[in-house]
Amino acid sequence: MENFRVTGTAFLAQLMTDPTLREKKLLKSVLRILEERSQDRNSIVRQMAVRGLGNIVNGAPVKVKKYKKFLLDILIGALHDVFSSEVIGESMKALAKVLKELKEKDIGSSFKNLTEQIRAYFDDENDGLRSVAFVLFGILAQLTKKNGRPISLSRFEELDQQ
């Protein structure tokens, strides 16, 4: 049974890259399945579910804003996975994809939690996690630019209040 969950979730993760998913009106159903699988007891299933959620950028980029809260909640939640650094790394990669499709105002109240979670991995002993944390933080910094100039620290604090 576990092998079927792994294989099925990997299939859905790959399916999320296919644009026909949104044309067939299956996106909502697949997102709900991936949400459930992101809480699975098997870390490989959780990893594949998070990957699938990040793959929405490839298969249905116009839907990223519609599902932004849903995506951010699950992907930020996956950063708290205490059992698997692979799930955490996959979550950061998925967040990097999703954040590139969003604007500063789309992140809103998730900004503070996200920056705190990412900063926690700056000193991680796992080189992969540390590297993707810096990439993700750079993407967040890019989102906070105003009029083509980097925003001061006070702007970060202002975003935390939203």
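This report walks through a predicted model of an all-helix protein, from its overall plan to a few selected residues.

## The overall plan

Let's start with the big picture. The protein has 11 helices and 0 strands. Reading along the sequence therefore gives the pattern α-α-α-α-α-α-α-α-α-α-α.

The chain has 162 residues, and buried residues make up 46% of them. Contacts also link distant parts of the sequence: among contacts with a separation of 6 or more, 65% are between residues 24 or more positions apart.

## Helix H3 and its two sides

Helix H3 covers residues 27–37, and Leu27, Val30, Leu31 and Leu34 are buried in it. Where do the buried residues of H3 fall when seen down its axis? They lie within an arc of 100°, so they line one face of the helix. On the other side of H3, Lys28 and Glu36 are exposed.

What covers the buried residues of H3? The cover includes helix H1 (2–15), helix H2 (20–23), helix H4 (43–54), helix H5 (56–59) and helix H6 (68–78).

## Helix H6 and its neighbours

Helix H6 has its own set of buried residues: Phe70, Leu71, Leu72, Ile74, Leu75, Ile76 and Ala78. These buried residues pack against H3, H4 and H5, and also against helix H7 (85–100), H8 and helix H9 (110–119).

Asp73 is found in H6 too. With a relative accessible area of 42%, Asp73 is partly exposed. In sequence, Asp73 and Ser110 are 37 residues apart, while in space their C-alpha atoms are 8.0 Å apart.

## How H1 and H4 pack

Two packed helices are described by the angle between their axes and the distance between the axes. For H1 and H4, the angle is about 10° and the axes are 8 Å apart. Angles under 35 degrees count as roughly parallel, and H1 and H4 are therefore roughly parallel to each other.

Which residues make this contact? H1 contributes Arg5, Val6, Thr9, Ala10 and Ala13, while H4 contributes Ile44, Val45, Met48, Ala49, Arg51 and Gly52. The residues of the contact of H1 with H4 divide into 7 nonpolar, 2 polar and 2 charged.

## The loop between H3 and H4

Now for the loop between H3 and H4, where Asn42 has its place. Asn42 is buried, with a relative accessible area of 10%. Leaving aside neighbours within four places in sequence, Asn42 is in contact with Glu2, Arg5 and Val6.

Arg5 also has a charged partner: the side chains of Asp40 and Arg5 meet in a salt bridge, at 2.8 Å from N to O. Asp40 lies in the loop between H3 and H4 and Arg5 in helix H1, so the pair ties together parts that are 35 residues apart in sequence. Are these two partners buried or exposed? Asp40 counts as buried at 13% relative accessibility, and Arg5 is buried with a relative accessible area of 13%.

## More salt bridges

Side chains of opposite charge can pair when their charged atoms come close. In this model the count comes to 8 salt bridges.

One of them joins the side chains of Asp106 and Lys68, at 3.4 Å from N to O. Asp106 lies in helix H8 (residues 104–107) and Lys68 in helix H6, so this pair ties together parts that are 38 residues apart in sequence. Asp106 counts as buried at 10% relative accessibility, whereas Lys68 counts as partly exposed at 27%. Salt bridges that share partners join Lys65, Lys68 and Asp106 into one network.

Another salt bridge sits within a helix. The side chains of Asp127 and Arg130 meet at 2.2 Å, N to O. How far apart are Asp127 and Arg130 in helix H10? They are 3 residues apart in H10 (residues 127–143), which means a separation of about one helical turn. Asp127 counts as exposed at 54% relative accessibility, and Arg130 counts as partly exposed at 25%.

Technical notes
Residues numbered from 1 in each chain as written. Predicted model: local features only at pLDDT ≥ 70, side-chain atom pairs only at ≥ 80, totals over all residues. Heavy atoms only, no water. Buried < 20%, exposed > 50% of the residue type's maximum accessible area, 1.4 Å probe, protein only. Helix = DSSP H or I, 4+ residues; strand = E, 2+ residues; numbered from the N terminus. Arc of directions from axis to C-beta. Contact = heavy atoms within 4.5 Å. Salt bridge = Lys/Arg side-chain N within 4 Å of Asp/Glu carboxyl O. Axes fitted to C-alpha atoms, helices over the stretch in contact; angles between N-to-C directions. Parallel < 35°, antiparallel > 145°, perpendicular 65-115°, else oblique. Nonpolar A, V, L, I, M, F, W, Y, C, P; charged D, E, K, R; others polar.
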